[in-house]
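Trainee: I keep meeting words like "buried" and "salt bridge", and I'd like to know how anyone decides when to use them. Can we go through one structure together?

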Amino acid sequence: MAVSDSPSGASSPPQQESSNKYGFTKPLSLAGPTDADLLRNLQLEKFLLDSGLYESNEEAGARTEVLHRLDQIAKSWVKQLTRQRGYTDQMVEDANAVIFTFGSYRLGVHGPGVDIDTLCIGPSYVNREEDFFVILHNILAEMEEVTELQPVPDAHVPVMKFKFQGISIDLLYASISLLVVPEDLDISHGSVLYDVDEPTVRSLNGCRVADQILKLVPNVEHFRTTLRCLKFWAKRRGVYSNVTGFLGGVNWAILVARICQLYPNAIPSMLVSRFFRVYTQWRWPNPVMLCSIEENELGFPIWDPRRNPRDRFHTMPIITPAYPCMNSSYNVSASTLRVMMEQFRYGNKICDEIDLNKAQWSALFQPYIFFEAYKNYLQVDIMASDADDLLAWRGWVESRLRLLTLKIERDTNGMLQCHPYPHEYIDTSKPCAHSAFFMGLQRKEGVRGQEGQQFDIRGTVDEFRQDINMYMYWKPGMEIFVSHVRRKQLPAFVFPDGYKRTRMSRHISHPAEKTGDDVTKCYSGSGSSERCVKRKNYPEMVDRKPDKPDKRASISPQRLECVSPESCADKSDGTAQMSIRCMEGVRLAGSTTKDANGNYEIKSSDALPGSGPSTEVAGALISKPGFVDSTHDMSKSRSVEVLNENGVINRDRAQDMTLDCLESAETESTNILSNYKGVIDMDQRLDKACNLIARAECSDYVSNTSSQNLNCEGDVCVADPDQF
């Protein structure tokens, strides 16, 4: 039922000499480790162990006990329902439910304190809507061992979250077409999918995908160590979060498994290095697949960009290996792909240095300093009356933050790029339960803005708020506020120990900030003395002088709304003046006009002089809207070493061979789709087809629903492109 993982890390079994083909392409290399690789592998395993990534034997035993108790509860619950519905005594005796694990626990890469993904499989007469989310929920709610019980029945994969004896559990339910569920049920067999709905298929596929991944890798222990390493790296670099638009556990598992297939005899230290080498050069949206896409007479939808138009616009397809094969990374947007490619290049560079003994493994896992990477941010404040309400409300808002990224990309034609940061921040000084998320904002690299051009995303934010307001379990006190904040105005609670760290060099190359502190009046109908920290002549604020004069003007209205409900008071009606002082002493005046409906219109009396410098991050270019050209600056990538006839290392030839092999692997992942009948000629490359088709409207991913008032009128989120 459960999979445990040894805290001693992965061992190094003898080199595999066979030419077995894992997946559907030949390996890129059958080379095994050198003495230097073996030494680096020992250093890597020691680093992972010292970093506390392995759970203790005591915690492993506690998890096993919790899973055993959960299995007993599920069996008792099904027997109770069977008896209540008048089945025979024999049926009651035979009634059964089985608990399976999936995710990191099933793959054997879980660490201390992480949750356990579990699936309960029950008979056909026990349903999800009432029996699972009502009756079983009530049973769990009455147990002393269970805390923080949170049902999420409307999720894409319905789940019940709770803690059992302090261990976090995510519990799914699937009702299969059997009256009696056998204890030795083979969940990998396709028969479990007969006569079930799509939510049940999605629930079952977590276990089916995990089992299939373990079957498709040449060395399970090497896979586990490499995956554990790269998950840790992704969390440190801020790119581990499926819900925010990055990659989650199953996505990273498939990416790592593909590298294991391409280098079947490599050990973890080699696999980590080759992971960055391959995916730095991977030409998205070519899909990453571990096996051929399977069709089945059951007729469930599968990922197929020739038949399903929406599949053509997936930015970073990572295809699950179990039927029905789906894109597990459909949440990825052009902005989040850009961020991940930057981080892949960062990892590639550090691995270069490690291979040359110029760096240690610890350098690879340096945390990403998000709040020094951008000049402008969006701050999303989430508040509720108490902690229980905030738990549900925050989960809803966080699950839809990626929609804000998509909407901003759509409404600015990809010119304003977002970097959602998958980390929650809490302001403990608030009188109510509070949570905040942040997004970095910047203009698209290499593009100079027009003089006086603005990114006005107020309407975008309003549309996002309307989507958020559709929460069917909304309660009074649940509030959301979205505001634009400059780097120098970031709240203290986002920094360690509550203070702002001194300026340091950033990992991502951005132009140096050109402007000083703005001296801005901030008046609005929902003004807040907490939010508008740069003010003059405001009775509730102390005058603050700029540290240095501004070099040019900005008409970027800052934070024209309140954070805390108790501080929301109508300070003025009609027109409030906003002025910004320039270095030359010129005064640019603008007005914020409030109409009868409480909407704000920003008017400026003058245009902005000049435009900000263009930027380029680590050699990344955007070749077409929404697609990162990862082949740019490919000459900086590592290559294998090839000896010519004189015994001299020919690196150029080696790199050509590497790219040729990688192109072959990508082409195979595309051409494998040609097995279908009655589809277009697959001599056309998938990447060409995707680039030739216009990108779909991001609104395809956004629900068109009516809104519910959250008393957040007056938000102003306008960003001057010259400030990015």
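Mentor: Sure, and let's begin with a definition: a patch is made of residues with over 30% relative accessible area and no salt bridge, and nonpolar side chains are joined within 5 Å. Keep in mind that this is a predicted model.

Trainee: Okay, which residues form a nonpolar patch on the surface here?

Mentor: Y87, L179 and V180 do, and together they have about 240 Å² of accessible area. You'll find Y87 in the loop between α2 and α3.

Trainee: What makes Y87 "partly exposed"?

Mentor: Its relative accessible area is 30%. Buried means under 20% and exposed means over 50%, with partly exposed in between, so a value of 30% goes in the middle class.

Trainee: And how much of the chain is buried?

Mentor: Buried residues make up 55% of the 724 residues. The chain exposes about 30,400 Å², and carbon and sulfur atoms supply 50% of that area. For the overall layout, think of 16 helices and 16 strands.

Trainee: Let's try salt bridges. Why is the pair of E129 and R128 called one?

Mentor: Their closest N and O atoms are 4.0 Å apart. The rule asks for a side-chain nitrogen of Lys or Arg within 4 Å of a carboxyl oxygen of Asp or Glu, so this pair counts. As background, side chains of opposite charge can pair when their charged atoms come close.

Trainee: Are E129 and R128 buried or exposed?

Mentor: One of each! E129 has a relative accessible area of 54%, over the 50% cut-off, so E129 is exposed. R128 has 8%, under the 20% cut-off, so R128 is buried.

Trainee: How many salt bridges does that rule give?

Mentor: The count comes to 29. Another one joins D71 and K75, with the closest N and O atoms 2.8 Å apart. Both residues are buried, and both lie in helix α2 (residues 57-84), four residues apart, about one turn of the helix. In general, an α-helix has 3.6 residues a turn, so residues three or four places apart point the same way.

Trainee: What makes the pair of K407 and D467 a salt bridge?

Mentor: The closest N and O atoms are 3.0 Å apart, and the limit is 4 Å, so the pair qualifies. K407 lies in helix α13 (residues 401-411) and D467 in helix α14 (residues 458-468), so the pair ties together parts that are 60 residues apart in sequence. Both K407 and D467 are buried. Salt bridges that share partners also join K407, R410, D411, E463 and D467 into one network.

Trainee: How do you know that α13 is largely enclosed by the rest of the structure?

Mentor: Ten of its eleven residues are buried, so the helix is largely enclosed. Among the buried ones are L401, L404, K407 and R410. The buried residues of α13 pack against α10, β6, α12, β7, β8 and α14. Just after the helix, N413 takes a positive phi of about 55 degrees.

Trainee: You mentioned β6. What makes that strand "largely enclosed"?

Mentor: Nine of the nine residues of β6 (residues 376-384) are buried, so the label fits. N376, L378, V380, I382 and A384 point one way, while Y377, Q379, D381 and M383 point the other way.

Trainee: How do you know that β6 pairs with β8 and β10?

Mentor: Two strands pair if there are at least two bridges between them. Eight bridges join β6 to β10, and nine join β6 to β8, so both pairs pass. Both pairings are antiparallel. Q379 has S483 as its partner in β10, while in β8 A384 stands opposite A433 and N376 stands opposite L441.

Trainee: Why are β7 and β10 called edge strands?

Mentor: The open sheet has the order β7-β8-β6-β10. β7 and β10 each pair on one side only, and that makes them the edges. From one strand to the next, the twist averages 20 degrees. Helix α12 packs on this sheet and touches β6, β7, β8 and β10; its direction makes about 140 degrees with that of β6.

Methods: Residues numbered from 1 in each chain as written. Predicted model: local features only at pLDDT ≥ 70, side-chain atom pairs only at ≥ 80, totals over all residues. Heavy atoms only, no water. Buried < 20%, exposed > 50% of the residue type's maximum accessible area, 1.4 Å probe, protein only. Helix = DSSP H or I, 4+ residues; strand = E, 2+ residues; numbered from the N terminus. Axes fitted to C-alpha atoms, helices over the stretch in contact; angles between N-to-C directions. Contact = heavy atoms within 4.5 Å. Patch = residues over 30% accessible without salt bridge, like charges linked within 9 Å, V, L, I, M, F, W, Y side chains within 5 Å. Areas by Shrake-Rupley, 256 points an atom, 1.4 Å probe, with all protein chains shown as cover.
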